[in-house]
Each structure stands twice: as structure tokens, then as C-alpha cells.
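Let's explore a protein fold together, one question at a time. Take a look at the sequence and the 3D view, then follow along.

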Amino acid sequence: MKQYALITGASQGLGKAFAIEIAKKKINTILVSLPNEDLSVFCEEIKEMYGVDSICFETDLSIVENVIDLTEWVNSQFELFILVNNAGIGGSKKITDAKLSYIENILQLNVVATTVLIHQLLPNLLRQPKAHIFNISSLAAFFPIGFKTVYPASKAFLDSFSQGLNQELRRTRVFVSVVNPGPMRTNGELVERTNKGFVGKLLMKDPEKVAKICIKNLFKRKAVIVVNPVSWFLLKFIPPKIKTAIMTNVAQHELT
Ligand SMILES: NC(=O)c1ccc[n+]([C@@H]2O[C@H](COP(=O)([O-])OP(=O)(O)OC[C@H]3O[C@@H](n4cnc5c(N)ncnc54)[C@H](OP(=O)(O)O)[C@@H]3O)[C@@H](O)[C@H]2O)c1
């Protein structure tokens with residue numbers, strides 16, 4: 001039986017690093033990205049370099065009908081044993097400057113697409129001898145942040161949803177993990193934005209390193225994967241008011 005791992009947001013950044021790390025383990029991949037991101041070229045590279053099957057699917061996951069189409073296609077053709085919900089967006093903006101489409105995009109991609117993917121793909125995952133769901137949250141899940149507002153709230157949803165689902169599925173063969181990474185050197189705009197703040201610079205990590213730690217711990221069936229123990233510990237246990245004030249200040253600086 002040929003089994004596959006599906007990775008969203010796979011054409012760049014952390015998603016690309018996950019795809020490589022998973023293919024290195026001789027696992028077949030279904031890579032999902034937005035259209036026109038050269039995903040087919042990356043798929044061919046994966047096939048050639050790691051000798052696994054790699055299939056690409058281009059779609060905009062912020063549209064729920066597209067998410068349903070993707071899941072129907074996967075369920076009709078593939079045995080899925082790993083689902084990596086990596087696609088996610090955020091940013092810093094004054095709420096009064098944010099267009100409704102900006103807010104909708106974050107919610108649709110980070111919250112709705114992830115939840116619908118899991119809901120629709122779960123029957124497939126449940127029939128495998130062993131399966132993993134892996135959700136990418138953020139350190140931002142641990143505190144509200146002014147000038148980011150919607151993004152940390154969406155990541156807090158993912159953190160809570162993942163841990164709740166892990167409990168619900170604990171007597172099944174599907175294991176649910178979540179990671180809360182800090183800032184990573186993924187795309188130029190994000191690095192430039194985060195590099196403006198001292199906190200961002202201090203916590204910045206390479207996505208390849210993060211992906212390596214995550215995939216190792218995923219197979220160890222860790223429910224909460226920690227990639228930066230010092231910042232994770234500090235941010236989880238600093239009093240909420242102080243964290244929110246510090247990080248709101250950082251986000252405000254990113255605006256200028
Ligand atoms: N970078 C960080 O500092 C950081 C920190 C904490 C958490 N995270 C989380 O880690 C994950 C990956 O972040 P990243 O920095 O590597 O990503 P990124 O460079 O900011 O790009 C956004 C990701 O989301 C995907 N995406 C965006 N809009 C989409 C849409 N409408 N439909 C489908 N996919 C869409 C993109 O995939 P394609 O381009 O392949 O289509 C890309 O993988 C995200 O969930 C992010 O929230 C990132």
C-alpha cells in the first residue's frame with residue numbers, strides 16, 4: 001500500500017523545508033501551494049533527489065470550496081498517513097487600516113482551511129495503521145498582541161484545537177501534534193519586518209532547522225513540539241499583561 005504525506009504551503013519557507021525533511025525519510029508527498037509558485041518544478045526535484053513519489057496540487061486554500069475539492073481528490077486517490085497544516089498568514093496592521101479581505105484571508109486560511117482539511121481527511125487518516133496530524137501554530141498563540149490581533153488569535157485557536165483533538169483521538173491510531181515556532185527566516189518581507197525588533201532578532205531561526213526538529217518529534221508522537229525551549233518557556237510563563245505589552249510594542253514598531 002502506497003502511503004502519502006500531504007503538506008500545505010509547500011512551495012516555500014517552512015512548508016518547503018517540511019517537504020524535504022519528509023521526503024528524506026522516503027515518504028511519498030502530496031505538495032499543496034497557491035498557483036504559479038513553481039510547485040511542479042519542486043515536485044520533480046523531490047522525486048529525483050529522494051526517489052519518492054511527489055504529486056503537486058495548486059489551489060487557493062482561503063476559498064473553502066477549494067479545500068473541499070482538494071480533500072475529495074485526496075480521499076478518492078490516496079492513502080494518507082501524514083497531514084501537515086503549514087499554510088498560514090499574518091502581519092502587523094492597525095485594525096482601522098485593515099481591509100476586510102485582509103482579515104478574512106487570515107481567518108479562512110489559518111482557521112477554516114486547517115479545520116476543514118482535518119475534518120474531511122480524518123476518515124482517510126483513521127483507516128491507516130498509524131497516522132499523524134501536524135498543525136503549525138506560533139509562539140504568538142500564547143498571548144494577545146495589539147497591531148496583530150487576528151493572527152495570534154487564529155494561532156491560539158490552532159493550539160487549542162490541536163490539543164483538544166489529540167485528547168479526543170487518543171484511543172485511535174491518529175496522533176495530533178502542534179508546534180509553536182518563533183520567528184523564522186522564511187520570506188524576505190517577514191525577515192525585514194521582524195528584524196526591526198530586538199525580540200524578533202533574538203528568537204529568529206532557520207526553517208530547515210525547525211523542520212528537522214519537528215519531523216523528528218512528530219514520529220516520537222510528541223503532542224506539543226518545542227523548537228526553541230528558552231523562548232517557549234519564557235513566553236509561556238511571563239505574566240500575560242507584560243507579554244502583551246512588550247509584543248504590542250514590537251508589532252507597533254514593525255508598522256513604521
Ligand atoms: N515565518 C515565521 O516567522 C513564522 C513564525 C511562527 C509561525 N509561522 C507559521 O509557519 C507557517 C509557515 O510560515 P512561512 O513563514 O514559511 O510562510 P510564508 O513564507 O509567510 O508564506 C505563507 C505560507 O502560506 C501559504 N499560503 C499563503 N496564502 C495561501 C493561500 N491562499 N492558499 C494556500 N496557501 C497559502 C504559502 O504557501 P505557497 O506559497 O506554497 O502557496 C506559504 O507557505 C505559517 O503557518 C506561519 O503562520 C511562521
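**A walk through the fold**

Q: Which residues does L6 touch, not counting residues up to four places away in sequence?
A: Before we begin, keep in mind that this is a predicted model. Leaving out residues up to four places away in sequence, the contacts of L6 are I30, V32, V74, L80, L83 and V84.

Q: Which residues have the most contacts inside the largest nonpolar core?
A: As a general background, nonpolar side chains tend to be buried together in soluble globular proteins. Here the largest nonpolar core has 68 residues. Those with the most contacts inside it are L6, I7, F18, A19, L31 and L83.

Q: In what order do the seven strands of the open sheet stand?
A: The pairing in this sheet is parallel. Its order is β3-β2-β1-β4-β5-β6-β7.

Q: Which strands stand at the edges of the sheet?
A: Look for a strand with a single partner, because one side of such a strand is left without a neighbour in the sheet. The two that fit are β3 and β7.

Q: How many of the six residues of β1 are buried?
A: The rest of the structure largely encloses β1. That follows because the number of buried residues among its six is five.

Q: Which residue of β4 stands opposite L6?
A: Strands β1 and β4 run parallel and are joined by five bridges. Across from L6, in β4, stands L83.

Q: What is the bridge partner of A5 in β2, and what is the handedness of the crossover from β1 to β2?
A: Five bridges also join β1 to β2, and these strands run parallel. A5 has T29 as its bridge partner in β2. Between the two strands the chain passes through helix α1 (residues 13-24), and this β-α-β crossover is right-handed.

Q: Which residue of β5 is the bridge partner of V84?
A: β4 and β5 pair in the parallel sense, with four bridges between them. The β5 partner of V84 is F134.

Q: How far apart are the end C-alpha atoms of helix α3?
A: Helix α3 has 14 residues, numbered 64-77. At 1.5 Å a residue, it should span 20 Å. The model agrees, since the end C-alpha atoms are separated by 20 Å.

Q: How wide is the arc covered by the buried residues of α3?
A: The buried residues in α3 are V67, L70, T71 and V74. They lie on the same side of α3, because the arc they cover around the axis is only 95°.

Q: Which exposed residues are on the face of α3 turned away from its buried side?
A: The buried residues of α3 pack against β1, β2, β3, β4 and α4. The face turned away from them carries the exposed residues E65, E72, S76 and Q77.

Q: Is S137 buried or exposed?
A: S137 sits in the loop between β5 and α5. Its C-alpha atom is 7.4 Å from that of A156, 19 residues apart along the chain. A residue with 20 or more C-beta neighbours within 10 Å counts as buried. S137 has 28 of them inside 10 Å, so S137 is buried.

Q: Is K26 buried or exposed?
A: K26 lies in the loop between α1 and β2. Although K26 is not a glycine, its phi is positive, at about 65°. A residue with 12 or fewer other C-beta atoms within 10 Å counts as exposed. K26 has 9, so K26 is exposed.

Conventions: Residues numbered from 1 in each chain as written. Predicted model: local features only at pLDDT ≥ 70, side-chain atom pairs only at ≥ 80, totals over all residues. Expected span 1.5 Å × (residues − 1). Arc of directions from axis to C-beta. Contact = placed C-beta atoms within 7 Å. Pairing = 2+ DSSP bridges. Right-handed = clockwise from strand over helix to strand, strands pointing away. Core = buried A, V, L, I, M, F, W, Y, C linked by C-beta atoms within 7 Å.
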